[in-house]
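Subject: Handover of a structure and the findings on it

Dear colleague,

Please find the structure below, together with its sequence. My notes on it follow.

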Amino acid sequence: MTPLSIRWPAEALWEAVVPQLPGFSVEVLPSIDSTNTELMRRARASLCDPTLLVAEQQTAGRGRLGRVWQSDVGASLMMSLGLPLAPADWSGLSLAVGVSVAESLQPVLPSEGEGQPPRVGLKWPNDLWTTGDRKLGGILVETASFVAAQGSSAMPAGSAARYVVVGIGINVLPRGGDGMSMPPASLQEVERGLTAPEALRRIVPPLVAMLQSFEGYGFSPMQARFAQRDILQGRAVTMSDGQAGTAHGVGEDGALLVQTANGMQAITSSEISVRPSPALPS
């Protein structure tokens, strides 16, 4: 039964994050079109303070390439974190977010001797997957140029900067897979009893710390951690431009490395999407 009322850890998250992110606030809304869209609207109106926006229901949630992401109350975690950020290189940010979220949901990986894949894996460039090649969640990173309003604590008044909005949607309860080649996964399969509020509590503080680290060091320090959860590594992949090849991990800038008939290609998320080739019949 879908819960009618959810207790979100808004105050606890604020207390945990505000010392490292002054001006931080937490908002929980019963319904909105899209948490990412709302924070982008605010940024364009010079409302640029660090904000965590959580929606119990989205009516027009968006994923990568404009895909729809909406859900009933309690069935998904739908959140966006917006804050000013000025890294020297934005490359690999969505991958770094994925690493942070995956590690929060499954901190300890199986040992190599167990021969088990991670329960929370990463599919380049911005999806959380679990066993059976099923999608658990997705990440949508957007940025906006802004000029901070007079009196804003985000930046000195009149200064130009980038405002980044990190949107995260994760299936909490099992959902139907009508029209999908593979039914989606849920957090209940990763950890029975894990709720959207508890997942939020685990995810947000480490995510803020990671973003601040990314600002100074970029994706490179997280490359090896991504590799531990990379579900495409060593697999045949087919790309949207028709090329096929074998995935060989990601570079220091987060580009997917694919060995094709034309040699090793470094693929960026702005160029193509990638999906595993279907298994051949035995």
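I begin with a pair of neighbouring strands. Strand β9 (residues 244-250) pairs with β10 in the antiparallel sense, over four bridges. Strands here are DSSP E runs of at least two residues, helices are H or I runs of at least four, and both are numbered from the N terminus; two strands pair if DSSP finds at least two bridges between them.

Before going further, I should state that this is a predicted model, in which local features need pLDDT of at least 70 and side-chain atom pairs count only at pLDDT 80 or more, while totals for chains, interfaces and linings use all residues. Residues are numbered from 1 along each chain as its sequence is written, and side-chain values use heavy atoms, with hydrogens and water left out.

The sheet around β10

One bridge between β9 and β10 can be placed by residue: A247 has V258 of β10 as its bridge partner. The hairpin of these strands has five residues between them, and G254 in this hairpin takes a positive phi near 85°. On to β11 (residues 263-267), β10 is joined by five bridges, again in the antiparallel sense. Here L257 has A266 in β11 as its bridge partner, and the hairpin that joins β10 to β11 does so through two residues.

Which side chains of β10 are buried, and which are not? Along residues 256-260 they alternate: L256, V258 and T260 point to one face and are buried, whereas L257 and Q259 point to the other and are not. Buried means under 20% relative accessible area, exposed means over 50%, and partly exposed lies in between (1.4 Å probe, protein chains only).

These strands belong to an open sheet of five, in the order β11-β10-β9-β8-β12, with antiparallel pairing. β11 and β12 (274-276) each have a single partner strand and stand at the edges, so one side of each is left without a neighbour in the sheet. From one strand to the next, the twist averages 45°; the axes are lines fitted to C-alpha atoms, for helices over the stretch in contact, and angles run from 0 to 180 degrees between N-to-C directions.

The region of β5

D127 is in strand β5 (residues 127-130) and is buried, at a relative accessible area of 15%. Its side chain makes a polar contact with the side chain of K135 (3.4 Å). A polar contact is a pair of N or O atoms within 3.5 Å; within protein, one must be able to donate a hydrogen and the other to accept it, and residues adjacent in sequence count only if both atoms are side-chain atoms.

In the loop between β4 (121-123) and β5 lies P125, which a cis peptide bond joins to W124, with omega about 0°. D133 lies in the loop between β5 and β6 (134-147). Although D133 is not a glycine, its phi is positive, near 55°, and at 29% relative accessibility D133 counts as partly exposed.

Two further loop residues

S46, in the loop between α2 (35-44) and β2 (51-55), also has a positive phi without being a glycine, at about 65°.

E56 is found in the loop between β2 and β3 (76-85) and is buried, with a relative accessible area of 15%. The side chain of E56 makes a polar contact with that of W8 (2.9 Å). The C-alpha atoms of E56 and G74 are separated by 6.6 Å, although the two are 18 residues apart along the chain.

Yours sincerely
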